[in-house]
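Subject: Handing over the model

Hi,

Here is the structure I promised to pass on. Have a look at it first, and then read my notes below.

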Amino acid sequence: MTMNRESWAFVFGLIGNIISFMVFLSPIPTFYQIYKKKTSEGYQSLPYVVSLLSAMLWIYYALIKKEAALLLITINTFGIVVEASYLALFLFYASKKARLSTVKLLLLLNVFGYGAMLLATLYLSKGTKRLAIIGWICLIFNISVFAAPLFIMKKVITTRSVEYMPFTLSFFLTINAVMWFFYGLFLGDYYIALPNTLGFLFGIVQMVLYLIYRNATPVALENPKKVQELNGHIVDVVKGQDGAKGGDVGKV
């Protein structure tokens, strides 16, 4: 039996859901460390705030689109619950300064920023124009997040160390980008497909860098710092904190 485009889109979207589900849960070791040490010192909330915003944007896009949007809704609903849980735990164990900074970020991006976009698109646009505006917002936001691994790649080249870039996570993020690319392609939804092309390319480059530098002699830096990768998809690497590492991926 020949499968049509919608059937193929469902298959790739379902696999994308499964992979995204696992990557959403990848920061659990990080938050276990926070829970065990009773402090979030050394970690930043920005990756989780951004991932929450990404899930919120895609949920809104899916609800406006309506057609063939179920798989977008399922994974991003899960993403919102998970990211909100991470942030709640972070805030509970954060210092007063970090807690205030996180609340400001949430208000700026997830409340006022998202709220302004929501009101503007609801009352200043209609129909296909509204969908196109939201789609472009999601596309541009995802491209900016997918471009963040450039900082990680620079760090790997500078230090000749791949501890900042776990191969397994890079591999799954690359496969995830492929799944969502084909999901968007078969649906003719280029707001989903295009940014994941960039995600795939950067994922390949990261894995190549890993193979190049995995056995290299690391170069010690005078002031080692925590490196974070926003990849829609986020990785935290904290130096000097028992090697605690965590990853987090936001949906599409």
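What follows is a walk through what I found, from the whole chain down to single residues.

A word on the ground rules first. This is a predicted model, so local features need pLDDT of at least 70 and side-chain atom pairs count only at pLDDT 80 or more, while totals for chains, interfaces and linings use all residues. Residues are numbered from 1 along each chain as its sequence is written, and side-chain values use heavy atoms, with hydrogens and water left out.

**The whole chain**

The chain has nine helices and three strands; helices (H or I, at least four residues) and strands (E, at least two) are DSSP runs, numbered from the N terminus. Along the sequence the order is α-α-α-α-α-α-α-α-α-β-β-β. Of the 252 residues, 48% are buried (under 20% relative accessible area; exposed is over 50%, partly exposed is in between, with a 1.4 Å probe and protein chains only). The accessible surface is about 12600 Å², and carbon and sulfur atoms hold 70% of that (Shrake-Rupley method, 1.4 Å probe; for residues, only the protein chains shown count as cover). Among contacts with a separation of 6 or more, 77% are between residues 24 or more positions apart; contact here means heavy atoms within 4.5 Å.

**Helix 3 and the loops around it**

Helix 3 covers residues 46-65 and has 20 residues, so at 1.5 Å a residue it should span 28 Å, and its end C-alpha atoms are indeed 28 Å apart (the expected span is 1.5 Å times one less than the number of residues). The helix is mostly covered, with 17 of its 20 residues buried.

Two lysines in the flanking loops caught my eye. Most residues other than glycine have a negative phi. Lys38, in the loop between helix 2 (28-37) and helix 3, has a positive phi near 60°. Lys66 follows helix 3, in the loop leading to helix 4, and its phi is also positive, near 70°. Lys38 is partly exposed, at 45% relative accessible area, whereas Lys66 is exposed, at 69%.

**Helices 4 and 5**

How do helix 4 and helix 5 pack, and at what angle? Helix 4 (residues 70-93) and helix 5 (residues 96-124) sit with their axes 8 Å apart and an angle of about 145° between them (axes are lines fitted to C-alpha atoms, for helices over the stretch in contact, and angles run from 0 to 180 degrees between N-to-C directions). The crossing is left-handed, meaning that the near helix is turned anticlockwise from the far one by less than a right angle. On the helix 4 side, Leu87, Phe90, Leu91 and Phe92 take part; they meet Ala98, Arg99, Thr102, Val103 and Leu106 of helix 5.

**Helix 9 and its cap**

Helix 9 runs over residues 190-213, which makes 24 residues; the expected span is 34 Å and the end C-alpha atoms are 35 Å apart, which agrees. Its buried residues include Ile192, Phe202, Met207 and Tyr213.

Which residue caps the N-terminal end of helix 9? That is Asp189, with a side-chain oxygen 3.2 Å from the backbone nitrogen of Tyr191. Asp189 sits in the loop between helix 8 (167-187) and helix 9 and counts as buried, at 3% relative accessibility. Setting aside neighbours within four places in sequence, Asp189 is in contact with Tyr61, Lys65 and Gly184.

**Three more residues to click on**

- Ile19 lies in helix 1 (residues 5-24) and is buried, at 7%. Its C-alpha is 6.1 Å from that of Asn176, though the two are 157 residues apart in sequence. Beyond its sequence neighbours within four places, Ile19 is in contact with Phe172, Ile175, Asn176 and Met179.
- Ser26 is in the loop between helix 1 and helix 2 and is partly exposed, at 22%. A polar atom of its side chain lies 2.6 Å from the backbone oxygen of Val23.
- Thr159 belongs to helix 7 (residues 149-159) and is buried, at 2%. Its side chain reaches the backbone oxygen of Lys155 at 2.7 Å.

Over to you!

Conventions
Polar contact = N/O pair within 3.5 Å; in protein donor to acceptor, adjacent residues only side chain to side chain.
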